[in-house]
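This report is meant for someone meeting the structure for the first time. Please look over the sequence and the model before reading on.

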Amino acid sequence: MTATLPDTKTDRYKWIALSNTTLGMLMATIDGSIVIISLPAIFRGIGLDPLAPGNIGYLLWMIMGYLLVSAVLVVALGRLGDMFGRVRMYNLGFLIFAIASVALSFDPFRAGAGAMWLIGWRIVQAFGGAMLTANSAAILTDAFPARQRGMALGINQITALAGQFLGLLLGGVLATIDWRAVFWVSVPVGVVGTIWSYRSLRETGERQRASVDWLGNVTFAAGTLLILASMTYGIQPYGGHPTGWTSPRVLGGIGLGVLLLVAFVVVESRIAHPMFRLGLFKIRAFAAGNLAALLVAIARGGMQFMLIIWLQGIWLPLHGYKFEDTPLWAGIFMLPLTAGFLIAGPISGYLSDRFGARLFSTTGLLLVAAGFLGLLLIPIDFPYPLFAALLVLSGLGQGMFSAPNTSAIMSSVPADQRGVASGMRATFQNAGTSLSIGVFFSLMVVGLARALPQTLTSGLTAQGVPHDVAASVAALPPVSTLFAAFLGSNPVAHLLEPYGVLASLPPANATTLTGHEFFPTLIAQPFHDGLVVVFGAATLMTLLAAAASASRGKHVRH
């Protein structure tokens, strides 16, 4: 069944579609990252210490819950858009997102109950965001002619990627005002965007009526969720180990998730109307583009977390910034990355409409790899102009890759399958981000576990801390120390607080322990050793993504 209106490609409607979907994507991605910087203020607001051993799970699920839902549901929601209308699904997503934003800002509970309220409504918010993400690219592909499609998708996708980093800055600014303001900011945008989308957007693409693939939906959602959730628990300590990768729950969850995904592939290859169009992978441009997107998402997914820890836990304190101020300044100092996105995305999208995606996307990934290599080689206490230049280089490369790659993927599939193609593309990207966070944090925690205990014990005893206290503090899971740096908290003051030894030390020693330089100096070398592993792996992943991008073949459009 095809529903086509006379003005499908008119100038007025296509720009309305671009404006509205870009607003929706910007809001969805900003809210995906806005809580990262504002978590200290949020947990203080509900009266919960996020770094207490029993509360680390709350912290992880506040960050990861949104990403997991986005990764799991976008394919199914894109497929439903193909069946029942992409605009209908998109509009409903805007409405759900707005309702969840209101509920988040009126958390009636405190402590653990308050955290569960926020996590629950963040999951609902992510459901609405997944509906926006799954259908926005398909709506634009329907609305724009082929000669302008790369430009439109470039603006949309680069805005979405930039939203991830703008969320960091907004979270830092709003958290200084009130922790609820972090969620208030989405309310007016969500309400206005919902009304605007219901009034202005209309179905212009092809629909494909079919029955819902319930078995495929269930096996895919359950399998993906089990794997990604198990990786989240793999970051946390277990049985005396710094990470949970030896936990039966983690190993069992990953194993069962893999079995469910194998069952999903079998189901999708045999069912008449599958949710996941495996046949699309026979299209070379579609398969190569998604493989490149997955690899680069794994490479860059944990990048912002590593850079935040680097800035908040080491570089900013060493340069005189108070720990409580570092979240805001970390967002500010990472703006060159966003600038690179915003410069390269629309331009490369426009040019790729004329010259094809392969040149721009492959060159962009080589620039990203060069940026990772540069970050790997610079000293831990770097000169900021050099750091900013590497961020701009990485941002330009990611912008050059994302827009042409998205355009090539979406243009390579038949019109009646653009919704599911958009969902599959978003799934690879979101799943790669979630996998990256789990892998990068685990690599960093393992690296810290080898060097940090001895370094911390020596540093504390040198300042007069009793050896038994220093040894007990050093034996605590490194993930607590890592997250303390990540949240802009003074880790030494936090770790010593339960023992009450600071008050018994000479004032000069206590001042040194809680000052700007003690912890950054201690952690600098172990952290740098971890960065070498993390950014080395990211460089390799990006080069593999570049090879996949180069293999996409000639520019193909349906």
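## A nonpolar patch on the surface

In this predicted model, helix 3, which covers residues 86-104, gives the most to the nonpolar patch, contributing three residues. The patch is formed on the surface by Leu92, Leu95, Ile99 and Tyr198, which together have about 350 Å² of accessible area. Leu92 is placed in helix 3, and Leu92 counts as partly exposed because its relative accessibility is 34%, a value that falls between the 20% limit for buried residues and the 50% limit for exposed ones.

## The chain as a whole

The protein chain contains 21 helices and zero strands. Of its 558 residues, 61% are buried, while the area that the chain exposes comes to about 19700 Å², with carbon and sulfur atoms supplying 69% of it.

Among the contacts in the chain with a separation of 6 or more, 85% are between residues 24 or more positions apart.

## Nonpolar cores

The largest nonpolar core has 99 residues, and those with the most contacts inside it are Met306, Trp310, Leu460 and Phe535. Helix 11 (residues 303-318) provides the largest share of this core, with eleven residues. If neighbours within four places in sequence are left aside, Phe535 is in contact with Met306, Leu307, Trp310, Phe372, Leu375 and Leu376.

A second core, separate from the largest one, has 32 residues, including Met27, Val75, Ile409 and Met424. Met27 is also one of the residues touched by Ser186, the others being Asp31, Phe97, Ser101 and Gln125, when residues up to four places away in sequence are not counted. Ser186 itself is found in helix 7, which covers residues 186-200, and Ser186 counts as buried because its relative accessibility is 2%.

## Aromatic pairs and a cluster

How many aromatic pairs does a search of the whole structure find? The search finds 16 of them. In one of these pairs, the rings of Phe109 and Trp117 have their centres 5.8 Å apart and their planes at 65°, so the pair is edge-to-face, given that angles over 60 degrees are placed in that class. Phe109 counts as partly exposed, with a relative accessibility of 41%, and Trp117 is likewise partly exposed, with a relative accessible area of 25%.

Phe372 and Phe535 form another aromatic pair, with 5.8 Å from centre to centre and 35° between the planes, and this pair is tilted. Because Phe372 lies in helix 14 (residues 358-377) and Phe535 lies in helix 21 (residues 518-550), the pair ties together parts that are 163 residues apart in sequence. Are the two residues buried or exposed? Phe372 counts as buried, at 1% relative accessibility, and Phe535 is buried as well, with a relative accessible area of 0%.

There is also an aromatic cluster, which is formed by Trp310, Trp315, Tyr321, Trp329, Phe333, Phe382, Tyr384 and Phe387. Of these residues, Trp310 has appeared above, as one of the residues with the most contacts inside the largest nonpolar core and as a contact of Phe535.

Conventions. Residues numbered from 1 in each chain as written. Predicted model: local features only at pLDDT ≥ 70, side-chain atom pairs only at ≥ 80, totals over all residues. Heavy atoms only, no water. Phe/Tyr/Trp six-rings, centres within 6.5 Å; stacked < 30°, edge-to-face > 60°. Buried < 20%, exposed > 50% of the residue type's maximum accessible area, 1.4 Å probe, protein only. Helix = DSSP H or I, 4+ residues; strand = E, 2+ residues; numbered from the N terminus. Contact = heavy atoms within 4.5 Å. Areas by Shrake-Rupley, 256 points an atom, 1.4 Å probe, with all protein chains shown as cover. Patch = residues over 30% accessible without salt bridge, like charges linked within 9 Å, V, L, I, M, F, W, Y side chains within 5 Å. Salt bridge = Lys/Arg side-chain N within 4 Å of Asp/Glu carboxyl O. Core = buried A, V, L, I, M, F, W, Y, C linked by side-chain atoms within 4.5 Å.
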